[in-house]
Amino acid sequence: MTEPAHLTAIRESYDTVAADCARLVKEPAELDPVSRAMLAAFGELAVPLGPVADLGCGPGKVTAHLAALGVPVFGVDVSPRMTELARAAYPELRFTVDSMTALDIADGELGGILAYYTTHHTPTQWLPTAFAEFRRTLAPGGRLMLAGHVGNGEHLRPTRAYGDHPVSYESRLLPPARIAELLGQAGLVVTTRVVQEPEEGGGRQYGTFLAYKPE
Ligand SMILES: C[S@@+](CC[C@H](N)C(=O)[O-])C[C@H]1O[C@@H](n2cnc3c(N)ncnc32)[C@H](O)[C@@H]1O
């Protein structure tokens with residue numbers, strides 16, 4: 001089957017910016033305390049239920065942070081170059097190349113899914129496909145943590161966030177209520193929503209959602 005154009009664009013752009021991305025992405029220790037607390041809470045909820053997939057893991061820094069918290073986690077990214085860099089940085093962890101919209105993971109295999117600052121690359125009309133994959137691959141009771149930019153429907157245009165090459169964004173920044181609604185429509189139960197306001201003028205709002213797949 002032909003791959004959707006947005007996936008090719010994401011892969012090509014992240015393959016190109018991989019080294020800059022690996023250098024510029026914050027170390028989890030530099031994240032704000034609320035974000036670190038949410039990651040720790042997610043790890044605690046997901047661990048008893050099976051392996052955890054960090055989807056859109058990029059350079060693997062957050063994957064390694066969860067692993068250091070005792071979470072049995074592996075990373076997945078659509079960019080082979082990002083995945084190579086993650087493997088080189090954390091050879092003790094497993095990283096695979098795959099898309100969150102069509103995962104090579106069996107039904108019910110996962111205790112948890114982390115989607116950390118990655119779903120904003122997925123065009124809005126493809127989010128239901130990704131969220132259906134989350135539900136399919138989670139075990140009953142399995143946990144999701146989704147964190148990322150939120151907004152009021154404004155279009156994210158390609159930016160030069162990592163060096164000179166634009167990164168492919170085709171999505172709109174959705175309001176938190178809309179993200180929760182789409183997760184609910186995919187059959188996931190949202191238990192927690194945290195919205196963080198930009199601390200200094202000009203930044204974006206961040207949203208973090210915890211959800212689970214009902215038994
Ligand atoms: C901004 S980086 C975030 C990396 C990491 N989650 C972090 O916070 O450090 C976004 C990553 O998501 C990956 N990505 C985007 N869409 C994806 C998809 N459909 N499936 C898998 N990975 C995807 C990109 O290749 C890129 O490495």
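How are α5 and α6 oriented to each other? They are oblique, by the rule that angles under 35 degrees count as roughly parallel, over 145 as roughly antiparallel, 65 to 115 as roughly perpendicular and the rest as oblique. This is a predicted model, in which local features need pLDDT of at least 70, side-chain atom pairs count only at pLDDT 80 or more, and totals for chains, interfaces and linings use all residues. Residues are numbered from 1 along each chain as its sequence is written.

**Overall build**
- The protein has six helices and seven strands, where helices (H or I, at least four residues) and strands (E, at least two) are DSSP runs numbered from the N terminus.
- Along the sequence, their order is α-α-β-α-β-α-β-β-α-β-α-β-β.
- The radius of gyration is 16 Å, which agrees with the value near 17 Å for a compact globule of 215 residues; it is taken over C-alpha atoms, and the globule rule is 2.2 Å times the number of residues to the power 0.38.

**Helices α5 and α6**
- Helix α5 (residues 127-137) packs against helix α6 (residues 176-185) at about 55°, with the axes 9 Å apart; axes are lines fitted to C-alpha atoms, for helices over the stretch in contact, and angles run from 0 to 180 degrees between N-to-C directions.
- Leu127, Pro128 and Phe131 of α5 make the contact with Leu182, Leu183 and Gln185 of α6, contact meaning C-beta atoms, placed from the backbone, within 7 Å.
- Five nonpolar, one polar and no charged residues form this contact of α5 with α6; Ala, Val, Leu, Ile, Met, Phe, Trp, Tyr, Cys and Pro count as nonpolar, Asp, Glu, Lys and Arg as charged, and the others, Gly among them, as polar.

**Helices α1 and α4**
- The axes of α1 and helix α4 (residues 80-89) come within 7 Å and cross at roughly 30°.
- That angle makes α1 roughly parallel to α4.
- The residues that meet include Tyr14 and Asp15 in α1 and Pro80 and Arg81 in α4.
- By class, eight nonpolar, no polar and two charged residues make up the contact of α1 with α4.

**Around the ligand**
- The ligand is surrounded by 22 residues, the closest being Tyr14, Gly56, Gly58, Val78 and Thr118; a residue is near a molecule if its C-beta atom, placed from the backbone, lies within 6 Å of it.
- At least two residues of this shell come from each of α1 (5-24), α3 (61-68) and β2 (73-77).
- The shell divides into twelve nonpolar, eight polar and two charged residues.

Note on methods. Two residues are in contact if their C-beta atoms, placed from the backbone, lie within 7 Å.
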